[in-house]
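Load the model in your viewer and keep the selection panel open. The stops below go from the whole chain to single residues.

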Amino acid sequence: MTQPHDQPRDVFQEEGEVIIDGPGGAVIAMTPEAALRTAGRLDDAALEALIARARTSVDPMQPH
């Protein structure tokens, strides 16, 4: 697995496409429809990751 990036990406629209300015000069262009569906998937995955992180940092089986 790669090292996760800790900085949000710049996102803008240009000529009817949604452009994501990725790390290392990578650029991703999407249709607005694909961008909206991807945004929902990012939101879902981010929430799942935060919940998983919270569960591992607060283990009720561990003494405090």
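How much area does the protein expose, and what share of it do carbon and sulfur atoms supply? The exposed area is about 5,900 Å², with 58% of it supplied by carbon and sulfur atoms.

**Whole chain**

Select everything and colour by confidence. This is a predicted model. Its mean pLDDT is 92, and 91% of the residues reach 70 or more. Where pLDDT is low, predicted coordinates should not be read in detail.

Switch to a cartoon. The protein has 1 helix and 3 strands, and from the N terminus the order is β-β-β-α. The radius of gyration is 17 Å, well over the 11 Å that the globule rule gives for 64 residues, so the protein is more spread out than a compact globule. Turn the C-alpha trace along its principal axes: the spans are about 55 × 25 × 20 Å.

Now colour by accessibility. Buried residues, those under 20% relative accessible area, make up 9% of the 64 residues. If you list contacts with a separation of 6 or more, residues 24 or more positions apart account for 0% of them.

Next, select the charged side chains. There are 5 positive and 11 negative charges, and the mean positions of the two sets are 9 Å apart.

**Strands and the loop**

Select residues 27-30, which form strand β3. Among the elements, strand β3 has the highest mean pLDDT, at 98.

Go back to residues 10-14 and 17-21, strands β1 and β2, and pick glutamate 15 in the loop between them. What is the phi of glutamate 15? The value is positive, about 50 degrees, although the residue is not a glycine. Most residues other than glycine have a negative phi. Is glutamate 15 buried or exposed? Its relative accessibility is 78%, so glutamate 15 counts as exposed, the cut-off being over 50%.

**Helix α1**

Select residues 32-57, helix α1. Helix α1 has the lowest mean pLDDT among the elements, 96.

Within helix α1, pick threonine 38. At 25% relative accessibility, threonine 38 counts as partly exposed, because this class runs between the 20% and 50% limits. Add phenylalanine 12 to the selection and draw a distance between the C-alpha atoms: the two residues are 26 apart along the chain and separated by 14 Å.

**Before β1**

Last, select glutamine 3, in the segment before β1. Glutamine 3 is exposed, with a relative accessible area of 65%. How far apart in space are glutamine 3 and arginine 55? From C-alpha to C-alpha the distance is 22 Å, with their positions 52 residues apart in sequence.

Terms used: Residues are numbered from 1 along each chain as its sequence is written. This is a predicted model: local features need pLDDT of at least 70, side-chain atom pairs count only at pLDDT 80 or more; totals for chains, interfaces and linings use all residues. Side-chain values use heavy atoms; hydrogens and water are left out. Helices (H or I, at least four residues) and strands (E, at least two) are DSSP runs, numbered from the N terminus. The radius of gyration is taken over C-alpha atoms; the globule rule is 2.2 Å times the number of residues to the power 0.38. Buried means under 20% relative accessible area, exposed over 50%, partly exposed in between (1.4 Å probe, protein chains only). Contact means heavy atoms within 4.5 Å. Accessible areas come from the Shrake-Rupley method with a 1.4 Å probe; for residues, only the protein chains shown count as cover. Lys and Arg count as positive and Asp and Glu as negative; His and the chain ends are not counted. The place of a charge is taken as NZ of Lys, CZ of Arg, CG of Asp or CD of Glu. pLDDT is the predictor's confidence in each residue, from 0 to 100.
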